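Please look at the chain and its bound ligand together. The report that follows describes the surroundings of the ligand and then turns to the backbone of one loop.

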Amino acid sequence: MARDSDKPVLLWFRQDLRLADNPALHAAVASGRPVLPVYILDNETPGAWRQGGAARWWLHHSLAALARNLGTLGAPLVLRRGEARRVVAGLVKDTGAAAVYWNRCYEPQAIARDETIKAMLKQDGIEARSFNSALLHEPWTVENKAGEPFRVYSAFWRACLARDEPEAPLPAPKALVPATAESDRLEDWALLPTAPNWAKGFEAAWTPGEDGARDRLTGFLDEAVNRYKAQRDRPDIAATSRLSPHLHFGEIGPRQIWHATQAAIAAGGASETSALKFLSEVGWREFSHHLLYHNRTLPEAPLRQEFADFPWHENGAALAAWQRGRTGYPIVDAGMRELWATGWMHNRVRMIVASFLVKDLLIPWQEGEAWFWDTLVDADLANNAASWQWVAGCGADAAPYFRIFNPVLQGGKFDPDGAYVRRWIPELAQLPAAHIHKPWLAPDAVLAAAGVTLGESYPTPIVDHGTARDRALAAFSRIKKAA
Ligand code: FAD
């Protein structure tokens, strides 16, 4: 009969695919018990959000990287598929595990699932412990003076900054006593696209996994952080961190980012104003997660009630043109093509394409949210839902609905030379900067010299922005009157 101290701790990896600053792993190692690292592909828990296609590509590579790093500690990563509750119960039974540890997720379905599993384990006398690896502050700890969650970002972030500094990150374990169990083969999960392989462009753009995340943060703090404040809105310049997919999968945590950034400021390598602006964007991630925690229907329903009756237009052809980057507005199309090719899109361009869908085309924001969910490598329930609601004007602290981006002016302001458009829309590459954001107004001779035939090599605009803007404002005034 096994001694009690030989009974393993089942360490359940979820959105925390890293060894450093992993409190559940740290506690499992500290328990002195053998550690059984497990990842469960849970597409069966009722109501669970299934990962989109681009996120599945990332997950495959991230799990492979995690398995490699665990391998250096002699601990094989056990892969299992199925309803998490059943898989955990089965593994506990088969391995005689005395405890199950994990880091918390904040999505409503994940919370409900985890509560059920915790209750099940406790009933069976199994220790169940959860930890915070994903946020600077737990959602139930940041409140306004009335004891309620914040609805305004600036007040929220001020309150976060007034709290104690986030805890220092934990080191990766140097050694552990491994336990093991039968595992699926990662290849058999078929997370990668095959016919066709639409993710070819992803490989050049990304290095999923903890090492890739660490290198990305170091590179950003060494080379780009000082440009961040001034240039973070320029899609033609690499001035942002591109940490979003790494953060979503928990290959790096916000505490690590916080402390590394503060250290770069203290060492004099990072300009304080620029670096703090960067941390304030990590604060938007925090705000979105807190919003989702307190508003379970954020991914489906507008936070502002009056938007429930907004007169949206369902328009399949316009939606398809938007998805394929064929709206005739170059900055919109460049963004949608960058998304398709790399699984990521620059934040400024996300705002422009989202405004275009919701306001110029009057297509429900949930359609855009769903497309992003399937195509972004950083697809994140909290950030995606909160951001779409923000652009649509129906979210917390949202952009006012009447703020409608003009895609031509936005293009000229944030991609002044047209380099971003040229990169993603090669058929416009020869157009001079003066015409690149509004090719339909270019003289015929300029178009001919650039090899552009509007309506053939590149579409004419699917809507006139001025007319579309008036239509959107009229739709908005209808819900305002009804409110
Ligand atoms: P940086 O500017 O370097 O910021 C650092 C980190 O802060 C990011 O990695 C991200 O985790 C966080 N962050 C930055 N901006 C925001 C923001 N506005 N809201 C929440 N967190 C932020 N981000 C996602 O991670 N997943 C999504 O599914 C997602 N969907 C979006 C949908 C729309 C319509 C819009 C307008 C924005 C969306 N964002 C989403 C937010 C933002 O665009 C990305 O986080 C950012 O572009 C990622 O690039 P970066 O890592 O270089 O960001």
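Helices (H or I, at least four residues) and strands (E, at least two) are taken as DSSP runs and numbered from the N terminus. The model is predicted, so that local features need pLDDT of at least 70 and side-chain atom pairs count only at pLDDT 80 or more, while totals for chains, interfaces and linings use all residues. Residues are numbered from 1 along each chain as its sequence is written, and side-chain values use heavy atoms, with hydrogens and water left out.

In the loop between helix H5 (153–162) and helix H6 (200–205) lies Pro-196, and the peptide bond that leads to Pro-196 from Ala-195 is cis, with omega near 0 degrees. The loop between H5 and H6 also holds Ala-190, whose phi is positive, near 50 degrees, although Ala-190 is not a glycine. Most residues other than glycine have a negative phi, and most peptide bonds are trans.

Around the ligand there are 28 residues (a residue counts if one of its heavy atoms lies within 4 Å), and the closest are Tyr-228, Thr-240, Ser-241, Arg-242 and Asn-347. By class, this shell has 14 nonpolar, eight polar and six charged residues, where Ala, Val, Leu, Ile, Met, Phe, Trp, Tyr, Cys and Pro count as nonpolar, Asp, Glu, Lys and Arg as charged, and the others, Gly among them, as polar. The largest share of the shell, six residues, comes from H10.

The table lists polar contacts of the ligand, that is, pairs of N or O atoms within 3.5 Å.

| Residue, N or O atom | Ligand atom | Distance |
|---|---|---|
| Asn-347, side chain | oxygen | 2.7 Å |
| Glu-281, backbone | nitrogen | 3.3 Å |
| Trp-344, side chain | oxygen | 3.5 Å |

Of the 820 Å² of accessible area that the ligand has on its own, the protein covers 96%, as computed by the Shrake-Rupley method with a 1.4 Å probe.

Notes:
Polar contact = N/O pair within 3.5 Å; in protein donor to acceptor, adjacent residues only side chain to side chain.
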